[in-house]
Amino acid sequence: MIAKISSGKNTANLIRYLYDTKKAKDHTDPHLVASWDGFAPDPGRAENFDATKKLLVADLDLHVKQAERLGRAPEQHVWHCSIRTAQTDRHLSDEEWGDIARRVVAATGIAPDGDPDGCRWVAVRHAPDHIHIAATKVRGDLRTARHWNDYLTADRELAAIEKEYGLHQVVRGDRTAAKRPTRAEQEKARRASHDRTARERLRTTVRTAVAAATSTQEFISLLEHTDNVLVDVKHFPSGDVRGYTVALQGDTNGKKEPIWYSGSELSPDLSLPKIRQRLEATEQQQGPRRTNPWHQATGAAERIPHHLEHGDNAAAHAHLAAFGEALDALPLRAPQEMRPQLRQAAETFERATRSRIQAEHQHARALRGAVRAMVREPAPKDGALLAMFLDAAILAVIAAARWHQLRHHDQQVAAAHQTLLHLQAAYEQAAATPLAVLAQRRPPQQVVERHILIIRQAVPDHAEKVLQDPAFDALATVLADAEKTGHDPKQLLEQATGQRALDDARRPARVLTWRIERLSASPAPSAPTRAAQAPSTAQRPSTPVQTTPATRATQPPPPQARRR
């Protein structure tokens with residue numbers, strides 16, 4: 001159930017709207033289902049509609065008029081709350097709606113239970129799926145009702161009502177979500193044939209600039225060089241940057257002036273101070289880069305599930321925020337046909353990067369630095385690097401959904417699940433060609449059979465699932481390629497599964513293919529190194545030897561006995 005609460009100045013106008021059936025074509029059979037005392041006049045059931053409507057307005061305004069004579073009436077004295085059920089819910093009876101209305105006005109402070117001086121209110125039903133509560137805010141003792149945080153208290157009460165009545169339970173947030181576009185903004189975008197509002201388009205632009213920048217100055221510069229975006233930078237008297245606002249060219253108000261949005265109006269984490277915190281926690285590359293940044297970013301993404309499972313909340317949230325930046329940057333280096341899915345994934349996961357937990361961004365310096373380096377590299381020629389990263393990203397999102405679910409972050413869980421759909425679609429598109437190319441180079445059967453034995457030894461719990469995966473031929477190819485460059489296939493498999501278990505992987509052979517592809521890109525360890533990595537005989541538990549009197553007689557005495 002969803003509640004919408006607003007205030008107004010005219011009781012008569014609100015009652016006229018609730019009972020109107022001429023202009024509002026969707027209003028049918030308007031009538032009262034509850035009122036402050038149970039005896040309020042109901043124009044919908046009276047013979048003289050107009051007279052009864054005036055009488056109802058007069059009764060609702062009684063205490064308001066009395067307070068006006070004392071100069072104590074609030075200017076916005078009308079309280080309006082609409083409550084709607086989900087489309088999948090059953091139609092509630094008038095008695096059920098009446099009970100819901102009484103619980104909501106009690107919870108919000110409009111008419112507390114057992115308070116004879118509560119405000120006057122009525123609940124009108126003019127459609128099967130919702131009601132409207134109209135109240136005046138002056139109490140019987142002529143004081144103004146105390147209804148602060150009425151939206152939150154009403155929402156909490158509706159959450160309990162949903163469980164009791166067996167209704168659809170709405171996913172509720174923690175007040176950290178970005179502000180939704182207003183109806184006026186949506187209508188304006190529709191008239192201009194845009195699928196998104198100016199606020200939403202600017203939010204995506206600013207997020208992409210943050211994901212690509214390494215400093216505040218570079219962030220501002222990227223915005224200023226973005227097509228169709230106006231930037232107004234605010235400065236302190238010292239000359240330091242204080243803040244920024246952005247606008248879209250052509251998005252103007254009635255005076256033909258640009259409509260400016262500050263960063264915090266776009267999203268709570270896009271204010272300049274919060275952007276600066278993240279940019280200062282970015283690992284800077286010193287000297288020439290020796291590792292492919294795509295491999296670095298993929299490795300960092302593969303470690304996110306471990307951080308979420310074993311790190312504290314502040315560190316875990318830092319990795320989620322950095323991973324969100326990686327998704328924001330991904331469309332910059334993806335093929336044109338894949339960008340819509342990746343943009344939708346980034347925009348959806350944005351909700352999963354924020355909660356009431358404060359992130360300590362220095363914990364995710366490596367991932368954030370790898371993403372900046374990745375953006376500065378030329379776009380990969382094939383889809384292998386992108387598929388490799390997306391494979392790790394899918395497991396990271398699954399872990400993020402589980403992490404949020406344990407903390408009852410309902411909106412974030414829903415966002416992660418939706419993100420997963422977009423990433424899986426993008427992965428299927430990116431991985432098809434590289435996997436097919438690898439499968440065409442399948443090694444000889446003798447080599448494959450030897451690798452099957454190695455797989456059964458290295459990953460016994462998942463071996464059968466790996467061997468039945470359609471991507472097994474690609475895995476066999478990368479194992480053979482790694483072996484030719486001096487790598488030990490068994491050690492690679494153990495290292496790949498040691499980084500992250502395959503429990504969350506639907507297609508484990510594909511996961512292992514990309515992990516081994518990335519691990520084998522590093523130089524193969526030398527023979528002494530491999531020998532040091534292998535378990536030595538000194539470390540192995542020795543088998544106790546059964547001795548007899550005869551054997552003890554032939555054994556040399558211990559050193560201490562010899563000295564004696």
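**Notebook: helices and aromatic pairs**

I began with helix H16 (residues 384-406) in this predicted model, and because its 23 residues should span 33 Å at 1.5 Å a residue, I compared that value with the distance between its end C-alpha atoms, which is 34 Å and agrees. I then looked up how enclosed H16 is, and found that 19 of its 23 residues are buried, so the helix is largely enclosed by the rest of the structure. After H16 comes His 408, for which I noted a positive phi, near 60°.

Next I turned to helix H8 (residues 216-224), in which Thr 216 lies. Thr 216 has a relative accessible area of 10%, and since buried means under 20%, I entered Thr 216 as buried. Leaving aside neighbours within four places in sequence, I found Thr 216 in contact with Leu 272, Arg 276 and Leu 279.

I then looked for aromatic pairs, of which the structure holds 3. One of them joins Phe 219 and Tyr 244 edge-to-face, with 5.4 Å centre to centre and 80° between the planes. Phe 219 lies in helix H8 and Tyr 244 in strand E7 (residues 241-248), so this pair ties together parts that are 25 residues apart in sequence. I checked both Phe 219 and Tyr 244 for exposure, and both are buried.

Another edge-to-face pair that I looked up is formed by Phe 323 and Phe 349, at 5.3 Å centre to centre and with 90° between the planes. This pair links distant parts of the chain, with Phe 323 in helix H13 (residues 313-329) and Phe 349 in helix H14 (residues 339-349), 26 residues apart. I noted Phe 323 as buried, and Phe 349 as buried too.

Methods
Residues numbered from 1 in each chain as written. Predicted model: local features only at pLDDT ≥ 70, side-chain atom pairs only at ≥ 80, totals over all residues. Heavy atoms only, no water. Helix = DSSP H or I, 4+ residues; strand = E, 2+ residues; numbered from the N terminus. Buried < 20%, exposed > 50% of the residue type's maximum accessible area, 1.4 Å probe, protein only. Contact = heavy atoms within 4.5 Å. Expected span 1.5 Å × (residues − 1). Phe/Tyr/Trp six-rings, centres within 6.5 Å; stacked < 30°, edge-to-face > 60°.
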